[in-house]
Amino acid sequence: DVGAVLARSDVFVLASRSEGGPISILEAMAAGLPVVASDVGGVREQVADGVTGLLVPPADPEALASALERLLADPDLRRRLGAAGLERARERFDVSRLRAEHLELYDRELARRGLPIP
């Protein structure tokens, strides 16, 4: 149960060498967790470095350990980053809003092509 695991966590870590736009980061942010993640792929679009979490270079265990130590030593920083991540997840990655935006896009494109809108 991902929700239960996240609820018992203090920090979320994703130390990947390659990613697209990982849903796991959005789940962690929606759970109010600060994120430490490798700065690869679309991760930077989700995690605002120093605002909602900390980004580290991929394949750099020292940088990863340093970011984790920083968060574990500073409960106020964890809370601040986690709260900002929760807000960012709600504002930018809300499923119902994204669905509505996609439907609007499809409707515009169908109309632009003179095709019927369902």
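# Worked exercises on the fold of a predicted chain

In the protein chain, 43% of the contacts (heavy atoms within 4.5 Å) between residues at least 6 apart in sequence join residues at least 24 apart. This is a predicted model, in which local features need pLDDT of at least 70 and side-chain atom pairs count only at pLDDT 80 or more, while totals for chains, interfaces and linings use all residues. Residues are numbered from 1 along each chain as its sequence is written, and side-chain values use heavy atoms, with hydrogens and water left out.

**Exercise 1.** Work out which secondary-structure elements the protein chain holds, and in what order they run.

*Solution.* Begin with the inventory, which gives 6 helices and 3 strands; these are DSSP runs numbered from the N terminus, helices being H or I with at least four residues and strands being E with at least two. Then read along the chain from the N terminus, where the elements follow one another as α-β-α-β-α-β-α-α-α.

**Exercise 2.** Describe the overall dimensions of the protein chain, using its radius of gyration and its box.

*Solution.* Take first the radius of gyration, calculated over C-alpha atoms, with a globule rule of 2.2 Å times the number of residues to the power 0.38. A compact globule of 118 residues would come out near 13 Å, but the protein chain has 17 Å. Next, consider the box along the principal axes, which the C-alpha atoms fill at roughly 60 × 25 × 25 Å. One pair that can be checked in the structure is Gly-3 and Ala-15, which are 12 residues apart in sequence and 20 Å apart in space, C-alpha to C-alpha; Gly-3 itself lies in helix H1 (residues 2-7).

**Exercise 3.** Establish how strands S1, S2 and S3 are joined, and whether the side chains of S2 are buried or exposed.

*Solution.* Two strands pair if DSSP finds at least two bridges between them. S1 and S2 run parallel and are joined by 3 bridges, whereas 4 bridges join S2 (residues 35-38) to S3, again in parallel. Ala-37 in S2 takes part in both pairings, since Leu-14 stands opposite Ala-37 and the bridge partner of Ala-37 in S3 is Leu-55. In a regular strand the side chains alternate between the two faces of the sheet. From S2, Val-35 and Ala-37 point one way and Val-36 and Ser-38 the other way, and all are buried, a term that means under 20% relative accessible area, with exposed set at over 50% and partly exposed in between (1.4 Å probe, protein chains only). S3 (residues 53-56) is likewise covered on both faces, with Gly-53 and Leu-55 buried on one side and Leu-54 and Val-56 on the other.

**Exercise 4.** Decide whether Gln-46 is buried or exposed, and find which residues surround this side chain's position in the chain.

*Solution.* Locate Gln-46 in helix H3 (residues 43-46). Gln-46 has a relative accessible area of 4% and is therefore buried. Leaving aside neighbours within four places in sequence, the contacts of Gln-46 include Gly-21, Pro-22, Ile-25, Arg-88 and Phe-93.

**Exercise 5.** Compare two loop residues, Ser-18 and Ala-59, by their place in the chain and their exposure.

*Solution.* Ser-18 is found in the loop between strand S1 (12-14) and helix H2 (23-30), and at 60% relative accessibility counts as exposed. Ala-59 is found in the loop between S3 and helix H4 (61-73), and is exposed because its relative accessible area is 52%. For Ala-59, look lastly at the backbone: phi is near 60°, a positive value in a residue other than glycine.
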